[in-house]
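Have you ever wondered how to find your way around a protein when you see it for the very first time? Take a slow look at the picture, and then let us walk through it together.

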Amino acid sequence: GSSPFTSPVGGFAANGYGLHDMAGNLWEWCWDPYSATFYGASPSSDPRGASSGTSRVYRGGCWLSHALRCRVAYRLDGPPGLGDYRIGFRLARNSTL
């Protein structure tokens, strides 16, 4: 859009899975430890990330990113304590609870 800042939750239409704001609003911290080579040998279904590592994955781009980075497949890494006005997180819950 034309706004140089983050958008409210639900500000964009849901994706094909019914999820809102999965890319392009804020970089999203993930639980997964980062490994540059993980996807070369990862399971093809529901990969859980590297088993260990000192950095964590964040993905999805932010309002300040180029379009190439605003997709969930694009990932970077950073130390777990990294804080920035362009990084957020998403709470998730198991639907069987």
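We begin with open space. What volume does the largest pocket have? This is a predicted model, and in it the largest pocket has a volume of about 850 Å³. Its lining is made of 20 residues, and those closest to its centre are Met22, Glu28, Cys30, Asp32 and Arg59. Which strand gives the most to this lining? The answer is strand E1, residues 27-33, which contributes five residues. If you sort the lining of the largest pocket by class, you get 12 nonpolar, two polar and six charged residues.

Now turn to the second largest pocket, which holds about 220 Å³ of space. Its lining is formed by Ser7, Pro8, Val9, His20, Asp21, Asn25, Leu26, Trp27, Glu28, Gly88, Phe89 and Arg90. Two strands, E1 and E4 (87-89), each supply at least two residues of this lining. By class, the lining of the second largest pocket comes to five nonpolar, four polar and three charged residues. You may have spotted that Glu28 is one of the residues closest to the centre of the largest pocket, and Glu28 is also in the lining of the second largest pocket.

Let us pause at one residue of that second lining, Asn25. Find it in the segment before E1. Is Asn25 buried or exposed? Its relative accessibility is 13%, and buried means under 20%, so Asn25 counts as buried. Setting aside residues up to four places away in sequence, Asn25 touches Thr6, Ser7, Gly61, Cys62 and Trp63.

With the strands in mind, we can look at the framework. The protein has zero helices and four strands, so to speak a plain β-β-β-β run when you read the elements from the N terminus on. How are these strands arranged? The four of them form an open sheet in the order E3-E2-E1-E4, with mixed pairing. At the edges you find E3 (75-78) and E4, each of which pairs on one side only. Neighbouring strands in this sheet are turned by 45 degrees against each other on average, direction ignored.

It helps to follow the sheet pair by pair. E1 and E2 (residues 56-59) pair in the antiparallel sense over three bridges. To find one place where they meet, look for Pro33, whose bridge partner in E2 is Arg56. Moving on, E2 and E3 also pair in the antiparallel sense, over four bridges. Here you can look for Val57, whose bridge partner in E3 is Asp77.

Next, we turn from pockets to enclosed space. A probe the size of a water molecule, rolled over the atoms, shows where empty space is left. How many cavities of 30 Å³ or more does the structure hold? It holds one, and the volume of the largest cavity is about 40 Å³. Around this cavity sit Asp32, Pro33, Ser35, Phe38, Tyr39, Gly49, Ala50, Val57, Arg59 and Arg75. The elements that give two or more residues to this lining are E1 and E2. The lining of the largest cavity has five nonpolar, two polar and three charged residues. Some names here should be familiar: Asp32 and Arg59 line this cavity, and both are also among the residues closest to the centre of the largest pocket.

One more residue deserves a visit. Cys70 has its place in the loop between E2 and E3. With a relative accessibility of 25%, Cys70 counts as partly exposed, because that class lies between 20% and 50%. Along the chain, Cys70 and Gly24 are 46 residues apart, and their C-alpha atoms are separated by 4.6 Å. Apart from its neighbours within four places in sequence, Cys70 is in contact with Ala23, Gly24, Gly60, Gly61, Cys62 and Ser65. Gly61 and Cys62 are also touched by Asn25.

Finally, step back to see the whole protein. Its C-alpha trace spans about 40 × 30 × 25 Å along the principal axes. Of its 97 residues, 25% count as buried. Among contacts with a separation of 6 or more, 54% come from residues 24 or more positions apart. The pair of Cys70 and Gly24, 46 residues apart along the chain, is one you have already met.

Technical notes. Residues numbered from 1 in each chain as written. Predicted model: local features only at pLDDT ≥ 70, side-chain atom pairs only at ≥ 80, totals over all residues. Heavy atoms only, no water. 1 Å grid on protein atoms, 1.4 Å probe; cavity = no way out; pocket = protein on both sides within 12 Å on 5 of 7 lines; lining within 4 Å. Points joined across faces, edges and corners; volume = space filled by probe spheres on them. Nonpolar A, V, L, I, M, F, W, Y, C, P; charged D, E, K, R; others polar. Buried < 20%, exposed > 50% of the residue type's maximum accessible area, 1.4 Å probe, protein only. Contact = heavy atoms within 4.5 Å. Pairing = 2+ DSSP bridges. Axes fitted to C-alpha atoms, helices over the stretch in contact; angles between N-to-C directions.
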